[in-house]
Amino acid sequence: MSLLTVQNLQQHFPVRGGLLRRSVASCKAVDGVSFSLGEGETLGLVGESGCGKTTLGKAIVRLLNPTAGSIHFEGQDITHASMRTLRPMRRHIQMIFQDPAESLNPRHTVRDILEEPFIVQKIGTPPERKKWVAELLDKVGLSAASSDRFPFEFSGGQRQRIGIARAIALKPKLIICDEPVSALDVSVQSQVLNLLLDLQRDMGLSYLFIAHGLNVVKHMSDRVAVMYLGKIVELAPATELYQNPRHAYTKALLDAIPIADPTQRRERQLLRGDVPSPINPPPGCAFGHRMKHPKWEQSVGMDLTLKEIAPGHFVQPCPCCT
Amino acid sequence: MSNTAPILEVRDLVTAFDTDAGRMTAVDGIRFDVPRGKTFGIVGESGCGKSVTAFSITRLLPQPHGKILGGSIHFEGRDLASLPIEEMQRVRGNDISMIFQEPMTALNPVQTVGRQLAEAILLHTECSTADVLARSIDMMQKVRIPAPVQRLNEYPHQLSGGMRQRVMIAMALINKPKLLIADEPTTALDVTVQAQILELIADLQQEMGMSVILITHDLGVIAQVCDEVAVMYAGRIIERAGVFELFAQPRHAYTQGLLESIPRIDSMPKTQLKAIPGNVPGIADFKPGCRFGERSGRAHSAEHLNTRPPFVEISANHWVENCPICVA
């Protein structure tokens, strides 16, 4: 049984306008997403800004109330669970944010930050918590002396380690990593990625790894899902996706990666235009519409549910892009 | 001046900031040449001094704290480091232009795109309204903005991130500069838009024959578009070479570590990456000697950490800060 199953999830936001602030349109940030995630597995999620990847992460942690669809965690439906029923679940689903400077309380010491999960969940006595905080710091590679210091006293990479320590404090099963290394320096990124890999191996964690850096996602993931305008357009094992991309958008994304090797310069098939707005998205295949593909009209009204074209390789079956 | 001479020659440039905690040397004696008509990349992590280098060349250092303390910046027979500010204003935006990372903060939010372009033209040339309009539309077409006439009447907030960056490029290039300095021009953009903008800069460079200094933290961008590269670390250039040479035969331990630490598209998923230990040093912790020593994982003596290694040409056009431990 998979740890997390998401089915046809939709997260829409009302767009208010006019004198009475009535809802005049809806922003379909996540518009029918389905996938599952196994124990100890990493699912990478890539896409351009505004494609809905962060919203999807927040919906799964239930920081949002999904509009439709379902989220099952360990077989239990948490789509519309109340705060009270969610509280025990929250131990098992944690989140790491992009900017550790903004996601750590600047007025709390590292000890306060790391003790808080235990206090919220009413676990342990003060001396036990103190011991656990020391263990957590050790696990993420920070000295025990760090516990009395404040977040601003640390560098970006160290702050992200604090964020990671907080996420693993309650021994969760699933961590949503939302752009965990985008804000870090290149030489520090690989340290943090290695730490995440170590922790996954030691604790059997599952990751939903959200990032826009395709090489980073490939390195961290077992399977990768490509999102475009609120929908997954392709989902496949990491190596397969990069070697044998089937959807035109995946190909365009891979083509745009600047490879750190001057001998591999190439003429690119450049993607024109910008990501369209998720408010009133075009009907049919949104990417075919952006590319003004001659066969785009055929995709309107088609069932664009992902189809398995090779073992574990799913792609949106539109006539224009696949 | 012959056409093979470098367009820009920077020698022993030292730039510092006066702060409450004393004088902080952000750029500590760097030298490089920008070849005519080529793209020169400066790569480094946050706080290495790459943007301060750009602001020193354009003399846009924050005043009164930022100062050029020494060295020279030779551009077309003049030393920009000691040029009076009025003369510098004639160079800036005309012979040398700059584009910035975040176009939303670099463009004026309460003026239309057309008015900002017109200002850039009229600052340097006397020109009739009709000419200004014609040149503006022509430039907007060059940076491939659809419906240019309509866009001239719009405000920056009405444009997407990629379009804003195109407007900034249009403003920078409208006076046909000889040198364009692009400071992280694509960092705030998506990979697909990044590819568009890099291609646009390369095409316009070809067309207008200008030289480009491209500042970035992304080695992938460097590899794809630059001819020569300088690697900066903690206020100094620690290695400088042609792009093929640098990626094939990096000599300094920092350059090697940086190249090994990036996850490659053909690497085995979920394997450990080679990481550089420790953190990028803050400006207050810069050592007089080899600044990468403590993170290099190689034993440096006190002497190595306290005496500055010489910057030498180790092979033809391949320069390195020659710390005997880091360059083995």
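Q: How many salt bridges does a search of the whole structure find, and what makes a pair count as one?
A: The search finds 28 over all chains. The rule asks for a side-chain nitrogen of Lys or Arg within 4 Å of a carboxyl oxygen of Asp or Glu. This is a predicted model, in which local features need pLDDT (the predictor's confidence in each residue, from 0 to 100) of at least 70, side-chain atom pairs count only at pLDDT 80 or more, and totals for chains, interfaces and linings use all residues; side-chain values use heavy atoms, with hydrogens and water left out. Residues are numbered from 1 along each chain as its sequence is written, while chains are lettered from A and ligands numbered from 1 in the order in which they are written.

Q: Why is the pair Lys270(B) and Asp222(A) called a salt bridge?
A: The N to O distance is 2.7 Å. That lies within the limit, so the pair qualifies. Between chain A and chain B the count is 1 salt bridge.

Q: What makes Asp198(A) and Arg201(A) a salt bridge, and where do they lie?
A: Their closest N and O atoms are 3.5 Å apart. The rule is met, so the pair counts. Both residues sit in helix α7 (residues 186-203) of chain A, 3 residues apart, about one turn of the helix. Helices (H or I, at least four residues) and strands (E, at least two) are DSSP runs, numbered from the N terminus.

Q: How much do chain A and chain B bury between them, and what does buried area mean?
A: They bury about 3,900 Å², 52% of it on carbon and sulfur atoms. Buried area is the accessible area (1.4 Å probe) that two parts lose on being put together, summed over both, so the value covers both chains. Val186(A), His219(A) and Arg265(A) lose the most area in chain A, together 17% of what that side buries.

Q: How many residues of chain A and chain B are in contact, and what makes a contact?
A: Contact means heavy atoms within 4.5 Å. By that rule, 46 residues of chain A touch 47 residues of chain B.

Q: Which domains does chain B have, and where do their bounds come from?
A: The bounds come from an automatic or database domain assignment. Domain 1 is 8-95 + 177-321, and domain 2 is 103-176. Their C-alpha centres lie 29 Å apart. The contact takes 21 residues from domain 1 of chain B and 13 residues from domain 2 of chain B. Together the two domains bury about 1,500 Å², 65% of it on carbon and sulfur atoms. The rule finds 2 salt bridges across their interface.

Q: Why is Glu199(B) said to form a salt bridge with Arg144(B)?
A: Their closest N and O atoms are 3.6 Å apart. This is inside the cut-off, so the name applies.

Q: Why are β11(B) and β12 of chain B called paired strands?
A: Strands pair if DSSP finds at least two bridges between them. Here 4 bridges join them, so they pair, and they run antiparallel. Val312(B) has Val320(B) in β12(B) as its bridge partner.

Q: In what order do the 8 strands of the open sheet in chain B run, and which are the edge strands?
A: The order is β6-β7-β8-β3-β9-β10-β12-β11, with mixed pairing. β6 (96-99) and β11 (311-315) of chain B are the edges, each pairing on one side only. Neighbouring strands are turned by 20° against each other on average, direction ignored.

Q: At what angle does helix α11 of chain B run to β9(B), and how is an angle defined?
A: Axes are lines fitted to C-alpha atoms, for helices over the stretch in contact, and angles run from 0 to 180 degrees between N-to-C directions. Helix α11 (residues 253-261) lies across β9 and β10 (236-242) of chain B, at about 100° to β9(B).

Q: What makes β1 and β2(B) partners, and in which sense do they pair?
A: They share 10 bridges, so the pairing rule is met, in the antiparallel sense. Leu13(B) has Ile30(B) in β2(B) as its bridge partner. α1(B) packs on this sheet, touching β1, β2 and β4 of chain B, with its direction at about 75° to that of β2(B).

Q: What sets Lys292(A) apart in its phi, and where is its place?
A: Its phi is near 50°, a positive value in a residue other than glycine. Lys292(A) is in the loop between α11 (286-290) and α12 (296-299) of chain A.
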